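Reader: I'm new to reading structures, and I'd like to zoom in on just one part of this one. Could you pick a strand and walk me through what sits around it?

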Amino acid sequence: MNLEQVLDQFKIQERFSKNITHWEIIPQKPGEYEDFPEYLSPKLVSALKKKGIYKLYSHQRRALDEVMSNHNITVVTPTASGKSLCYNLPVLNALISDKDARAIYLFPTKALSQDQVSELMELIDEMDEDIKTFTYDGDTPVNARVAIRKDGHIVVTNPDMLHTGILPHHTKWMKLFTNLKYIVIDEIHIYRGIFGSHTANVLRRLRRICNFYGSDPIFICCSATIANPGELSQKLTGKPAVLIDQNGAPAGEKNIIFYNPPVVNRQLGIRRSCLLEAKNIALNFLKNHIQTITFARSRLAVEVLLTYLQEDMKKEPGAIDRIKGYRGGYLPRERREIEKGLRDGKILGVVSTNALELGIDIGNLDASIITGYPGSIASTWQQAGRAGRRNSVSASILVASSSPLDQFIVNHPQYFFKASPEHGLINPNNLYILVSHIKCAAFELPFSDGETFGDERIDEILAFLEDEGILRHVGGRWHWMAESFPAEEISLRSASTENFVVIDITEGAKVIGEVDRSSAPMMIHEEAIYIHAGQQYQVEKLDYEEKKAYVRKVDVDYYTDANVAVEIKVLDVFREKTVESCQNYLGEVMVTSLATMFKKVKFFTHENLGFGPIHLPPEEMHTTAYWLSIPENTGNLSIEEIKSGLLGLCNVMVNIAPLYLMCDPKDIRGVVQIRSPFTQKPTIFIYDNCPGGVGFAEKLYDMEEQLLKAARQVILECDCEDGCPSCIGPYEEVGRGSKAFALKIIKGVLSD
Amino acid sequence: MNLSEKLKTFLSNRPEKSSNNKNSRLELHKSVSDVLGAIAVPTPFGEHFLVENTYPGSYMHGNMRLNLICNISGEIIKLIAKNSEYESFDFTRAVFIDTETTGLAGGSGTLAFLIGVGFFKGNDFKILQYFISDYDKEAAALYSLGKLLEEFESIVTFNGKSYDIPLLEARYMLSRMESPFKKNFHLDLLAAARRLYKERLESVSLSSLESNLLSLKRDGDIPGFEIPSVYFRFLKDKNPYPLKPIFYHNQMDILSMVTLAISMACTFENPLYSAACENQDYYCLGRVFEDMGMIEDSIKCYEKALYVQGVREKSYTQLSLLYKRLGMWQEAEKLWIAMVKSNIRPVFALVELAKYYEHKLKDYDRAAKAAQEALERAYKKNTLVGFALKEEILELKKRLERIEGKQKKYETASRKDIFYPRQESLHIN
């Protein structure tokens, strides 16, 4: 059977068709082509022709034209639409005519940069031009670094290396910064939240250094589909950019199918494992020799799925070697082989984490299966985009898990297809992040009086840092006055540098992971069961002072769940408004969380097997919060009923908010106060779960009643009787009747 | 208190900034010049402080007279630098540079607040110390230093190639001034000292060299790691007294560079009978001579080093390979046999012997014997160490096979001709 026939089978066979909640067909689209522009170097044109490229896609041509007119651009195109030519063409074209010019390419991950470098090298080799491209990252040998600084025309690196390895030593890179013409930032949608806020500041520093050496580079950014690519790139680079989002690449017909595994326990809201369902669907494709990629959410799930598939494909001769796993932790050579096998068709099936979601070149496959909603619309499109031939049918199937977010998506396909995708939110002016980078910037070059950072006035912060003894203000300039090397103390991937390391002492001592400070009391208190890569560990000792948790491998039938008492105090109100009959606020809060005790909960039955105390100091955090208060008499409910209803409502809101925020579910938290000391009313607080906040609360505040409406829809459409993990949470947690009370509350405050 | 609270508290009771009035500036001048003996030097970029000290050429630092350095010939300097271009290097036209900085991490946020330079003028050795009493005085000091450096054709430093000079170059760049370091020669004494003394001394830091080679003990010195914090404190309280040891430290470093160069020169002039040279140093000397093509001296040094614990193995290996390269096969063979007997890298020696017998002498019997012995030794070592000799063993097997092949062919051939084996046979164990 070919793919179309297999898809027809899906429609006919009831065991599949009854679980399909949506079948979207995106019709075939012809390509829009443009000729090579006249200004394009003949060498480049002939190199492209050698690679079989005789015309450009319209978006590639547009990118070239805009960069030629010295405009910053942000290109938004789906997977495999020839995106890298959008930056390689203008950069190479400039380098051919000016051998002194320089460019920096920034990629969020190392694997990605390797892939892009090899593509770039091929093009350069075809041209036989002396254009040197080097990767500069932690793996670059010391003796190669000198040559890179002096002779590298294109320096490929990542924000972390720019932050610690390049900017603090900018005088060694004089040649690069003096002649820097282009900065290419690929996959900018990855630069959101904390990482994005840090990177925006690293780029502010970069622009400051360029300014010192008299260069003013053009930014070429590429993004996957998000709601606000232009805004994100402007916030990131500090410069407005021309948005290029009309994709000119052709595409075959594409089927996107939402599949919800059948319910096996209605009361608890438990569905059949999405892993097993995904396996069955994948087998259907693989047995028909349809090239398929299956995405799973964890490394462990990849391995499990791979084992299942290989087991079931045993009978097919040679099939086992044609089905591979792909994830972080595989050796680079192994990965390159798999990528190549996928491109030339030797490999039929691959099971991967989101490692293959980013722009690594594996060609185009026939089918992709997404096991569990990847957490954002953008990721889902990227994973779905792995299937898609230029001129034949392709299919992507999203197999939902039982989590609220998954259930919301498969039951509301219109959200996925119609509503705007997530926003990439960053807050470069998060005080903690900003101050960290002002230190780094002062180390790199003294600030002058009145100088801004990005567009921020920073006199007060500079004076504060002087008071702290870190800067010295003399002669109208602010000089770094400490022995330390500030960039080394600041990690771009977290807000505070204080992480706890988890050390496995089963055999010897091996660091297996990190837990951020605020989660430590819940996840790695003594006796906690810490699960890492599917393996259970018990915490034997938590050295709070040294920030180390010592764990040992165990195999037990329970997990632990810490009870955390969260106090929230309003410090400052930034904005306030009335929406329907709720009062909405945005402001600064102090969150104090104290882990008091933990429960041992048995797997599957969720029986309580015992308790234990936790003795750890409270954690305090200043952050930004959105909160809404409702009238006390809403829905004529008793205090107890309001409490239960608010708890359920808060759970739903926190669970579905990531859909709009493009954040990880753990990036925000919710708290309920029945009679808030601040509002004197029943109140739900939702706050950014990182010091200072990165803008999630603000976005929620701006959403007005949209979030409440979405919450209502989730609750109404859930099949459970009285609450389940897919909507308001298990009734053991929120109390009996919560589902009904939550609905009453919403009804009471919304007028429609 | 967390950051935003701290910031708020700070802003709400922000201290009135004490203005730098003229009086306090005058006082600073007075105290710095009194305590440190500094003068204020005017430049187009403002003023900076300068401390000047003059030592007569006959001044003894450690066990050496400073002006001995002027007698060092180009031939010797070449060896110190391990670079024949340095033959025309002239210490009297060179400047010794050492900096004190605000941190060891490097990067553009590190300031060299004290730059000491030493040079010969007439019969004297002068040390000028450019002191940057605050960040805004840096440009002035760099300007004066640049002017001074115009007069010299070379620089001498201790670890300056990777530390002091790149740091100063960065400072010039940050002040948008031309770097004055584009010189003909930069003699880095650390590299030279490392070449000579790394086998004997645990550390080749300047203080280790001072106590081990130059019979020097400093009095009233400050440990290097304390220097940045002392300077930062001075920036705040302007009390110059705690700076005194830093100025002393800087001067000592410069004087010791002179003495160190003299000491190394003595070693090279008379390698076998110099007071500054002993034991393991002979091996190091041998290496330098060898690299510089001074084979006779090199052999002499290696021969002496053959008896020194710690460098025996290296010396045997190096010398035997040198002989091999020179085609002095008998000498080489002797060493290899001695190595096998005394169990010094026997497998290496046996392989070399096997190669020699096979390719040079075409004596396949002895070659086979040596290769066989090497293989046995490697096996033995493998069981003792228990790892990772597999490749070596595989290679030895291949060699043995090849030799045995040649052996057979030769035997068939030699049935016709009577063959007299060489008289002296190899005695191994």
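Author: Strand 5 of chain B runs parallel to strand 8 (residues 154-157) of chain B, and three bridges join the two. One of the pairings to look for is Ala94(B), whose bridge partner in strand 8 is Ser154(B). Keep in mind as you look that this is a predicted model.

Now turn to strand 6 (residues 112-121) of chain B. Strand 5 of chain B is joined to strand 6 by six bridges, and here the two run antiparallel. If you want a spot to check, find Asp98(B): its bridge partner in strand 6 is Gly116(B).

So how covered is the strand itself? Strand 5 of chain B spans residues 94-101, and eight of its eight residues are buried. It helps to know one general thing here: in a regular strand, side chains alternate between the two faces of the sheet. You can follow that along strand 5 of chain B, where Ala94(B), Phe96(B), Asp98(B) and Glu100(B) point one way. Val95(B), Ile97(B), Thr99(B) and Thr101(B) point the other way, and the residues on both sides are buried. Notice that Asp98(B), the one paired with Gly116(B), belongs to the group with Ala94(B).

Next, have a look at helix 5 of chain B, since strand 5 turns up again there. Strand 5, strand 6 and strand 8 of chain B are among the elements that cover the buried residues of helix 5. Helix 4 (138-149) and strand 9 (185-188) of chain B are also included in that cover.

Which residues of helix 5 are buried? In helix 5 of chain B, they are Gly160(B), Tyr163(B), Asp164(B), Ile165(B), Leu168(B), Ala170(B), Arg171(B), Tyr172(B) and Leu174(B). Try tracing the helix from residue 160 to residue 174 and you'll meet a kink of about 25°, centred on Pro166(B). Past the helix comes Arg176(B), which has a positive phi, near 55°.

Finally, let's zoom out a bit. Chain B is divided into domain 1 (24-271) and domain 2 (281-414), and the centres of these two domains, taken over C-alpha atoms, are 47 Å apart. Where they touch, domain 1 of chain B contributes nine residues and domain 2 of chain B eleven. On the domain 1 side, helix 6 (residues 189-197) of chain B gives the largest share, three residues. That side of domain 1 has four nonpolar, no polar and five charged residues.

Notes
Residues are numbered from 1 along each chain as its sequence is written. Chains are lettered from A and ligands numbered from 1 in the order in which they are written. This is a predicted model: local features need pLDDT of at least 70, side-chain atom pairs count only at pLDDT 80 or more; totals for chains, interfaces and linings use all residues. Domain bounds come from an automatic or database domain assignment. Two residues are in contact if their C-beta atoms, placed from the backbone, lie within 7 Å. Helices (H or I, at least four residues) and strands (E, at least two) are DSSP runs, numbered from the N terminus. Ala, Val, Leu, Ile, Met, Phe, Trp, Tyr, Cys and Pro count as nonpolar, Asp, Glu, Lys and Arg as charged, and the others, Gly among them, as polar. A residue is buried if 20 or more other C-beta atoms lie within 10 Å of its own, exposed if 12 or fewer, and partly exposed in between; C-beta atoms are placed from the backbone. Two strands pair if DSSP finds at least two bridges between them. The bend at a residue is the angle between axes fitted to the seven residues ending there and the seven starting there.
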